[in-house]
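Work through the exercises below with the model open beside you. Try each task before reading its solution.

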Amino acid sequence: MTSMLRLTFPSRPEYVVLSRLVLSGLARAQAIGPNELGDLKLAVTEASSNSVRHAYDRAGGTVEIVYELGDSHIAIEVWDEGCGFDARASEPEPGALDEGGLGLSIIHAVCDETRLGRASGGTGSWIRFVKRIGGEDA
Amino acid sequence: MDVGRQEPEIVTLTLPCEERFIVVARIVVGGLAARLDLPYEHLDDLQLAAEAVLAEPLCAAADDITVELAVAERCITMSIGPVSPDVIQSALNGEHDEGIGLGILLNAVVDGIGFDQRADGAWLRMDKRVPALQRNE
Amino acid sequence: MTGQHDVETRELLRAYHEHGDARARERVVELHLPLVRALARRYVGRNEQLDDLVQVGSIGLIKAVDRFELDRGVELTTYAIPTIIGELKRHFRDKGWSVHVPRRLKELSLRLSQLVEDLSATLGRSPTVAELAEAAGTDEEHVLEALEIGQAYSALSLSSGPGNEDADTDPLRGLGTLEPGYERSEDRAVLVPGLQVLDERERKIMHLRFFAGLTQSEIAAEMGISQMHVSRLIRRSLERMREEIDVLRSSRRMG
């Protein structure tokens with residue numbers, strides 16, 4: 001039994017905190033251990049910050065986050081209208097310790113599965129990460 | 001938050017019509033209101049308004065409902081929908097209501113109430129003014 | 001890490017692991033301090049100094065360097081990130097500062113209740129979340145989370161204990177300040193069946209809030225309790241009324 005929640009906000013840094021607050025609320029709705037919650041908040045912050053970081057060249061733009069809450073897992077998808085984490089490829093020094101590369105590494109490090117993709121039929125990209133929950137004392 | 005912009009900035013939260021998720025709406029509403037420096041008791045009022053509306057059995061055909069927050073200069077507009085217009089209308093009027101009555105409750109906690117007809121149905125709109133703060137410094 | 005950087009790192013790791021070159025170990029740690037710094041920055045809150053967190057994170061980096069196996073096929077950066085994060089998280093656990101732990105949030109909630117009162121008196125108005133966060137020495141996010149903790153209507157909140165505001169309240173305590181004639185009022189408030197399920201104090205608060213037009217802070221002053229407590233009581237009252245109404249409606253259907 002999975003439940004889906006969807007948050008959208010303007011691509012600006014001051015709204016990134018909302019992506020974490022949804023998790024705070026979900027932790028009240030379902031048992032999520034403090035360690036797991038901390039990891040998820042870190043991951044969603046990295047993904048949201050990355051989406052917002054590359055929005056400067058566009059007026060407006062929206063970030064969309066889908067939270068999929070299962071009995072023993074949470075999956076989060078962060079969609080933006082830019083190039084997401086692929087922006088690294090166009091940096092002058094590919095592979096440099098840039099925020100995007102680090103952000104992706106962090107998400108990999110704290111989640112169980114991570115996938116990236118481009119939105120079909122237009123500009124936009126997404127990242128999906130999954131974490132098992134309920135494995136520690138909530 | 002750039003409150004000088006002409007167009008309101010929009011945040012939306014779509015959630016299943018289940019009591020256990022009302023807290024998510026509360027905390028997101030709180031987060032946005034906090035960034036606008038809404039004082040605690042007004043922020044609490046806005047959260048109560050969201051909760052009261054979401055606690056009513058007014059989800060239209062779908063199982064989801066959306067809380068939309070529009071941030072404009074000195075005002076937060078919270079719209080919730082789509083809702084079943086008959087249910088929300090009678091809730092606002094306090095018909096068949098053994099309780100306080102949604103209309104009376106909302107009048108105490110928000111500054112304006114209205115209805116919007118959108119493509120996907122009826123939405124309930126509530127305004128909350130953001131007071132200019134006096135700081136004793 | 002650039003390609004050149006990775007090559008140098010591998011050479012240093014080889015020098016350390018295969019030849020015991022201590023200076024190589026130092027050098028590879030030094031090269032990766034920016035990584036520690038970048039991670040530590042994610043964890044800096046109001047109570048933390050970045051330098052302290054960099055120290056903590058460096059322990060993780062050193063562990064990763066020492067444990068690294070050259071033939072594993074991963075770069076040190078990839079390998080070290082979970083270890084550094086692990087040290088940072090352990091640091092917070094040891095200091096008891098993981099705010100996600102319910103007990104910590106409950107403590108913050110109790111502190112906030114007092115801070116709302118203190119700041120309201122000082123400022124002449126209800127404080128903002130930013131002002132509460134500053135006074136409590138924490139982040140706005142944690143304040144918002146803690147405000148929700150105070151709202152749970154559960155059997156636990158009814159149990160007495162130190163700092164539990166419900167423990168020292170007698171449901172009849174508010175009676176002495178009821179306006180004369182309240183019971184005879186034609187006001188809808190009295191005609192509302194759902195209100196029967198509330199105690200005298202709750203009924204008075206609901207009347208003041210929704211029929212007499214008082215704000216939460218005005219009610220708090222009137223009743224001699226905190227604003228957060230007024231908020232909690234209002235929400236609890238509404239929830240109990242909803243339950244009662246559901247009961248009334250289903251019994252009516254069956255009858």
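## Two chains in outline

Chain C has 13 helices and 0 strands. Helices (H or I, at least four residues) and strands (E, at least two) are DSSP runs, numbered from the N terminus. This is a predicted model: local features need pLDDT of at least 70, side-chain atom pairs count only at pLDDT 80 or more, and totals for chains, interfaces and linings use all residues. Residues are numbered from 1 along each chain as its sequence is written, while chains are lettered from A and ligands numbered from 1 in the order in which they are written.

**Exercise 1.** Describe the make-up of chain B and the burial in chains B and C.

*Solution.* Start with the elements. Chain B has 4 helices and 5 strands. From the N terminus they run β-α-α-β-β-α-α-β-β. Next, take burial. A residue is buried if 20 or more other C-beta atoms lie within 10 Å of its own, exposed if 12 or fewer, and partly exposed in between; C-beta atoms are placed from the backbone. In chain B, buried residues make up 45% of the 137 residues. In chain C, 37% of the 255 residues count as buried.

**Exercise 2.** Work out which parts of chain B touch chain C.

*Solution.* Fix the rule for contact: the C-beta atoms of two residues, placed from the backbone, lie within 7 Å. By that rule, 25 residues of chain B are in contact with 33 residues of chain C. On the chain B side, α1 (22-35), α2 (40-55) and α4 (102-109) each supply at least two residues. α2(B) gives the most, with 8 residues. Now sort this side by class. It holds 14 nonpolar, 6 polar and 5 charged residues. Here Ala, Val, Leu, Ile, Met, Phe, Trp, Tyr, Cys and Pro count as nonpolar, Asp, Glu, Lys and Arg as charged, and the others, Gly among them, as polar.

**Exercise 3.** Follow α1(B) to its meeting with α8(C).

*Solution.* Take the helix alone. α1(B) has 14 residues and reaches 20 Å from its first C-alpha to its last, close to the 20 Å expected at 1.5 Å a residue. The expected span is 1.5 Å times one less than the number of residues. Of the 14 residues, 13 are buried, so α1(B) is largely enclosed by the rest of the structure. After the helix comes Asp37(B), with a positive phi near 60°.

Now add the partner. The axes of α1(B) and α8(C) (residues 140-149) come within 10 Å and cross at roughly 140°. That makes α1(B) oblique to α8(C). Axes are lines fitted to C-alpha atoms, for helices over the stretch in contact, and angles run from 0 to 180 degrees between N-to-C directions. Angles under 35 degrees count as roughly parallel, over 145 as roughly antiparallel, 65 to 115 as roughly perpendicular and the rest as oblique.

Finally, list the residues. α1(B) brings Val23(B), Arg26(B), Ile27(B), Gly30(B), Gly31(B) and Ala34(B), and α8(C) brings Glu140(C), Leu144(C), Leu147(C) and Glu148(C). By class, the contact has 5 nonpolar, 2 polar and 3 charged residues.

**Exercise 4.** Is helix α11(C) mostly covered or uncovered, and which residues join it to α12(C)?

*Solution.* Mostly covered: 10 of the 11 residues of α11(C) (200-210) are buried. Among them are Ile205(C), Leu208(C) and Phe210(C). The axes of α11(C) and α12(C) (residues 216-223) come within 10 Å and cross at roughly 140°. α11(C) is therefore oblique to α12(C). Ile205(C), Leu208(C) and Arg209(C) in α11(C) meet Ile219(C), Glu222(C) and Met223(C) in α12(C). That contact divides into 4 nonpolar, no polar and 2 charged residues.
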